[in-house]
Amino acid sequence: MKKIEINPITRLEGHGKIAIFLDDAGNVDDAFFQTVEFRGYEKFLQGMPMEEVPRTVSTICGVCRGVHFTASMKASDGVFGVTPTSTGRKLREMYFNAHYIEDHAVILYALGFPDFVVGPEASPAERNIIGLIGKVGAEIGREVLRKRGLAVKIFEMLGGKPNHPVAALPGGWSKRLTEEERVQVAGWADELVELGKLTLQVFDNVVLKNEAYMKLVTGDMYKVPVNYMGSVDEKGRVTYYDGTQKVIDLNGREVGTFTGKGYLDFISERVLPWSYLKFPYQKKMGPWSGITEGEGTNMYCVGPLARMNVGNGMDTPLAQAAYEQFHETFNSRPVHYIQAYHWARAIELLSAAEKLKILAADPEITSPDTVNQNYAITGEGVGIIEAPRGTLIHHYQTDDKGIVTNANLIVATTHNNGPINLAVKKAAKHFIKDGQVNEGLLNYVEMAFRPYDLCLACATHTVTGGVPLKIEIFESDGTLREELSNF
Amino acid sequence: MADKIKFAFLLAGGCAGCEMALVDLSENLLDALEHIEVVFWAPTVADVKYKDLEAMADKSIDLAFVDGMVRLSEHEHMVRVLRAKSKILVAFGACASLGGIPGMANIHTNDELFKQAYKDTFSTENPDGVYPQPQYFLDGKYDLTLPAFQDKVRTIQDLVEVDYYVGGCPPHHSFVAKAVEAIVTGNLPPKGSWLTSGKAVCDVCKRNPANEELERLPVETVKRTVDGMPEEKGCLLQHGFVCLGPITQGDCGASCLNVNMPCRGCGGPIPGIKDYGARAVSAIGSILGSEAATDSLLEKFPVLSKLVYRYSLPASRLKSNVR
Ligand code: SF4
Ligand code: SF4
Ligand code: SF4
């Protein structure tokens, strides 16, 4: 059997690689997406005071720079037995929506769009954000970077640092927003709504109006029918900071809903010896039955596409209009086409900007009542949020002083581990036939996991663009026959 | 126009936050790219990229940043290669210069880390006690390999000579611009130094009692940030909240204090300090007014090492197994 290894090398831990096995006829026998990252946070958080956890655990990822902070901050509310003040909660949401905007913008402009704007088969040297700026024009490129920078400024103003914020307190937020700052944020929010509109416009012009690209977006090679999970508000709409987790099956039927510790009734994680990343599955839908798709599977995915499938709408007008267009275009729910992740991401960018604008106009946001410190330690807390990449669960137990004794984290990319494996296998089977492997394959396989925006590939979210890929094709005796790379 | 500076950025075992500090330069990044030619940037660290880098002439890169600590053999290999190819190597950010937050893993054995992640976590279901394996034959036919995990987290200077250190988790993006400028203009301190303003966080902190010509008084009780709201004015340390500002480089502009939170030391030690955590203990100790106050410190932070060595355990003299 031939083994092909694709190294979408990201951070030096290697983070992820793909191994493809060909049968004797040269067709794909099986393919595996392996994760090679492990750092041990769940252990070394033990012994720390719970309120110190958010600023510490944030460093799990510097791209998703605010998500671990936010989930653990919500868990700390539970540990200390408090509900945040209304202003505290609004400040958290304001900062979190700013984070959504800057994060989704980086992902779309540095990772998602270049494939389409520059072209999936363009020279890899151009298929990056620099090439993208070349196509759309330096002025627009500069403007996008500048506007995204405004979201980073809001993040820093509220969180203390532009990355890895520190302002979490159980029951609220450590910093008050002054009237002067509020006015500034309100002005920036207007610009960010414009960024959201522009982003949807780019998607519309480049992808939706291009027949060849729409074939990819609605093509079977990028269709992965699994179940979905995401947060919804009391009206069933998509929400990010707080809500009820809703799980639907691949036909759109509701499997159930949960909050907080209820996640343990729905999710179990399996350890497989060939990946550092565990494989979660919906245990409500039956016992572990491997990494499968289609009818009867209990694999599920999370993230922008899952949210569009689980939620029945958006809670702001412009995003709602875009949501409707999204579902009209695909015309069957749930949408299983993974390239739609990028579109969903653009809709969410606009939605987060609209929410930011609403929060910045709220008079309560400048109240000095930012935290409720009537603590009564319960010793346990679960924080669940929708991170830009999907549902993030942090669960802590503490002693009676609030010192962490146990920690459990399930991150978005972990939920998606099974579906990513399925997507990669499907694309490999589609694009590799009779032992023919070509340069174009590289990017098409890449395009199978890029929509999920692997958090473990954070380092690829840089201005240099795409994930460098390498494919090595070995003869069955282990000698190297061919080597392809996209950089 | 002079030739562009050949620049490389390598992410070792970090979170990519340090690299985002460059992206966060926003539109200024485009200006910077007029003076800098990026010949290598972190994500490209596949074997083949090692080869590309290996193929470059020694000392052909003008300026290289490394962020992240060292945990895997690949990290070690790449750091050594990059050192050979670069004229100036900068350990960029807390992980690279001190070990960073992931360095706290050194307090535990690998077995403890694995057991927690793959057996003891609430949602893990592992009936057969499986751990990830460096090599595994799935179904007897698929040969799948994973990199092995080294024993401890190490810093860059544990492996190679480092020309300059930059603190921060991550370094503030404005400081990135300053550091690049210092290097571009050749306005550099002696090799082996930190690129820093040389000021402590206290020096740039609006809360510093010295600003109001007040004396520092002994502290009687130690507080966590849940023991009362850290106020908007006044020195947090004086209020009893442990703040590491006195011994930490203040290139961040006292970011945390601006949002009423104490400093935890991500900027790295001010000049002259060999072991950050040891100095932190003596600095805190010296302001505690009584034995009772010292007791309250240990009661509030039972695993003191995870406070004083939060960013710097691998760079400490103790290295590991401090409990
Ligand atoms: S120093 Fe901080 S921001 Fe930089 S890589 Fe380490 S954890 Fe991330
Ligand atoms: S100890 Fe902390 S609060 Fe006090 S002056 Fe120094 S940095 Fe500011
Ligand atoms: S105040 Fe301290 S912990 Fe906060 S950013 Fe500055 S050096 Fe880092």
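Helices here are DSSP runs of at least four residues, numbered from the N terminus. The model is predicted.

**Exercise 1. Judge how confident the predictor is in the complex and in chain B.**

Step 1. Start with the complex. The predictor gives an ipTM of 0.93 and a pTM of 0.91.

Step 2. Turn to chain B. Its mean pLDDT is 86, and 94% of its residues reach 70 or more.

Step 3. Look for a weak stretch. Over residues 43-48 of chain B, pLDDT stays under 50. For these residues the model has 26 contacts beyond four places in sequence.

**Exercise 2. Describe the surroundings of ligand 2.**

Step 1. Take the shell. There are 13 residues around ligand 2.

Step 2. Pick out the nearest. These are B:Cys202, B:Cys205, B:Cys235, B:Leu236 and B:Cys243.

Step 3. Sort the shell by class. Nine residues are nonpolar, two are polar and two are charged. Cys counts as nonpolar in this scheme.

**Exercise 3. Work out which chains surround ligand 3, and which helix gives the most to its shell.**

Step 1. List the nearest residues. Of the 13 around ligand 3, B:Cys252, B:Cys256, B:Cys263, B:Arg264 and B:Cys266 come nearest.

Step 2. Check the chains. Residues from both A and B surround ligand 3, so the site is shared between chains.

Step 3. Find the helix. Helix H9 of chain B, residues 255-258, gives the most to this shell, with three residues.

Step 4. Sort by class. The shell of ligand 3 has six nonpolar, four polar and three charged residues.

**Exercise 4. Place ligand 3 in a cavity and describe that cavity.**

Step 1. Count the cavities. A search of the whole structure finds ten of 30 Å³ or more.

Step 2. Locate the ligand. Ligand 3 sits in the second largest cavity.

Step 3. Give the space. The second largest cavity holds about 240 Å³.

Step 4. Examine the lining. It has 26 residues, and B:Gly168, B:Pro170, B:Cys252, B:Cys266 and B:Gly267 are the closest to the cavity's centre. H9(B) supplies the largest share of this lining, three residues.

Step 5. Sort by class. The cavity lining has 13 nonpolar, nine polar and four charged residues.

**Exercise 5. Describe the second largest pocket.**

Step 1. Give the volume. The second largest pocket has about 490 Å³.

Step 2. Examine the lining. Of its 22 residues, B:Lys206, B:Arg207, B:Glu232, B:Lys233 and B:Gly234 lie nearest the pocket's centre.

Step 3. Sort by class. The pocket lining has seven nonpolar, seven polar and eight charged residues.

Notes
Residues numbered from 1 in each chain as written. Chains lettered and ligands numbered in written order. Predicted model: local features only at pLDDT ≥ 70, side-chain atom pairs only at ≥ 80, totals over all residues. Heavy atoms only, no water. Near = heavy atom within 4 Å. 1 Å grid on protein atoms, 1.4 Å probe; cavity = no way out; pocket = protein on both sides within 12 Å on 5 of 7 lines; lining within 4 Å. Sits in = over half its atoms within 2 Å of the grid points. Helix = DSSP H or I, 4+ residues; strand = E, 2+ residues; numbered from the N terminus. pLDDT = per-residue confidence, 0-100. Contact = heavy atoms within 4.5 Å. Points joined across faces, edges and corners; volume = space filled by probe spheres on them.
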